[in-house]
Amino acid sequence: MSARWSAEQVVALAPDASSVAAGRKLSGSGPWSATGASGAPAAVWGLCQGSGKTPYATVVDLAGPAYKCSCPSRKFPCKHAIGLLLLWAAGGVPDADEPAEHARTWLESRAQRAERTEQRAQAAPDPAAAARRAEQRRGRVADGVAELERWLHDQVEQGLAGADHAGYRPFDQVAARLVDAQAPGLADGVRRLAGVAASGDGWTARLLDELALLHLLVRAHARVESLDAPTAAVVRRRLGEPERLQDVLAGPAVRDRWQVVGQRDTAEERLVVRRVHVRGEASGRDAVVVAFAPPGQPLDVPLLVGSVVDADLHLYPGDPTRAAVGERHGEPEPLRDVRGVTLGDAAAAWSALLAADPWATALPVVLDTVTPVPSDHERTWHVVDAAGAALPLAASDRCWRLLAVSGGAPVTLVGDRTPTGLQAVAAWADGEVVLL
């Protein structure tokens with residue numbers, strides 16, 4: 001039987017706060033019947049009585065996690081799945097030798113779909129057709145990069161005055177042409193310029209920095225064939241060259257006992273993006289597993305915050321911080337202890353990342369025994385470690401929550417090191433995780 005999750009782990013899976021509140025109302029045994037939990041396959045199921053005559057059939061594949069419910073909700077997990085998991089986490093679901101019929105049917109269909117997907121992934125592609133598509137894409141990208149270079153020169157010649165009042169449209173027009181040129185990475189960089197131009201005092205220096213980074217990427221593309229392999233991979237990724245998951249999983253693996261230490265959801269371009277932070281127990285390596293989905297749809301990340309997974313992780317070419325989960329070696333275990341690094345070590349890692357990827361915007365880190373400290377009349381916050389080193393906190397809206405969690409005492413902090421400081425994601429205090 002899989003180890004029971006904590007209520008905090010269940011809440012971390014919810015798509016929004018209203019789903020958490022609704023799920024808590026269904027976390028008692030009252031509305032549930034025919035509940036059960038099995039270890040092989042690892043699943044929880046039950047029937048939840050709603051306002052209608054027929055109860056909703058709910059099942060959760062714990063290995064995913066993945067969810068199935070007969071209710072009409074378009075959220076994943078729905079309130080019934082959250083309520084069932086909370087009931088199970090509290091010990092209110094009995095163990096069973098095998099799943100109920102409705103759960104078994106769905107679990108078997110999931111296994112069959114996974115097998116078919118694996119077979120398609122292993123099917124040999126037509127190398128000639130792939131070469132033709134790659135050549136066509138290179139031509140489009142080259143045209144798009146040349147147009148962007150002319151536009152960048154125009155910005156410098158004309159000056160930046162007025163860009164803070166221009167709005168998004170001028171930048172969106174350039175970005176749209178780069179999307180057509182199959183350079184979505186460059187398009188994202190151009191879209192960000194509008195926000196930089198409207199960022200308040202000092203925007204001109206920040207905008208010039210961003211334009212310079214785009215120009216550096218344009219010049220790197222011109223020399224990409226002569227660059228060393230790691231740098232060329234970074235440049236291609238920053239341009240937006242697609243990377244198939246099966247190709248990533250075919251690359252070298254890093255096996256470790258991976259601690260799942262935090263996660264953060266953001267909305268980007270009509271998609272919800274989930275970044276799950278993991279840290280290797282033996283290697284001390286930090287990485288993120290990233291998933292994308294439309295709002296309300298399930299995010300396929302097979303990792304649960306607060307667990308330890310013995311698994312193979314495969315790093316994406318050109319991105320030493322992003323990984324895909326490969327083969328697992330056993331069931332997840334509860335995470336008992338998290339150890340991080342000093343602020344000095346984090347600064348050295350950030351410098352090393354920028355040396356490899358000058359366009360990097362985030363480095364996953366776990367900081368050991370740091371204390372949140374307000375300053376400048378609470379407009380600026382820092383975390384300070386035992387050696388007296390300090391690092392600004394990038395998102396002030398999370399600072400008061402972090403202070404409440406820490407009680408003013410040192411905590412282990414999970415976050416992203418960014419150019420403006422630390423974006424806090426989760427805090428570990430007294431053996432428990434609190435998502436920020």
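A residue is taken as buried when its relative accessible area is under 20%, as exposed when that area is over 50%, and as partly exposed in between. In this predicted model, Trp400 has a relative accessibility of 47% and therefore counts as partly exposed. The partner of Trp400 in an aromatic pair is Trp381, and the two rings meet edge-to-face, with 4.9 Å from centre to centre and 80° between the planes. Trp381 itself, at 2% relative accessibility, counts as buried, so that this pair brings together a buried ring and a partly exposed one. The two residues stand 19 positions apart in the chain, Trp381 in strand β12 (residues 380-384) and Trp400 in helix α12 (residues 399-406), and the pair thus links distant parts of the chain.

The structure holds three aromatic pairs. One of them joins Trp5 and Trp88, whose ring centres lie 5.5 Å apart and whose planes stand at 75°, so this pair is edge-to-face. Because Trp5 belongs to the segment before α1 (7-12) and Trp88 to helix α3 (residues 79-89), the contact ties together parts of the chain that are 83 residues apart in sequence. Both rings of this pair belong to buried residues, Trp5 with a relative accessible area of 10% and Trp88 with a relative accessible area of 0%. A further aromatic ring, that of Tyr316, has the charged end of Arg322 sitting over it, 4.1 Å from the ring centre.

Strand β12, which carries Trp381, belongs to an open sheet of six strands, arranged in the order β13-β12-β11-β14-β15-β16 with antiparallel pairing. The edges of this sheet are formed by β13 (390-392) and β16 (432-435), each of which pairs on one side only, and the twist from one strand to the next averages 45°. Within the sheet, β11 (residues 363-375) pairs with β14 (residues 411-418) in the antiparallel sense over six bridges, and Val366 stands opposite Val414 of β14. On its other side, β11 pairs with β12, again in the antiparallel sense, over five bridges. Here Pro374 has Trp381 in β12 as its bridge partner, and Trp381 is thus engaged both in this bridge and in the aromatic pair with Trp400. Strand β12 is in turn joined to the edge strand β13 by three bridges, the two strands running antiparallel, and Val383 has Leu391 in β13 as its bridge partner. Helix α11 (residues 343-356) lies across four strands of the sheet, namely β11, β12, β13 and β14, and runs at about 130° to β11.

With regard to the cysteines, a search of the whole structure finds zero disulfides. Cys71 takes part in no such bond, and the nearest cysteine sulfur to that of Cys71, belonging to Cys69, is 3.6 Å away. Since a disulfide would require the two sulfur atoms to lie within 2.5 Å, the sulfur of Cys78, which is 3.8 Å from its closest cysteine sulfur, in Cys71, is likewise too far away for a bond. Both Cys71 and Cys78 are buried, the former with a relative accessible area of 10% and the latter with one of 6%.

Key. Residues numbered from 1 in each chain as written. Predicted model: local features only at pLDDT ≥ 70, side-chain atom pairs only at ≥ 80, totals over all residues. Heavy atoms only, no water. Phe/Tyr/Trp six-rings, centres within 6.5 Å; stacked < 30°, edge-to-face > 60°. Buried < 20%, exposed > 50% of the residue type's maximum accessible area, 1.4 Å probe, protein only. Lys NZ or Arg CZ within 6 Å of the ring centre and 35° of its normal. Pairing = 2+ DSSP bridges. Axes fitted to C-alpha atoms, helices over the stretch in contact; angles between N-to-C directions. Contact = heavy atoms within 4.5 Å.
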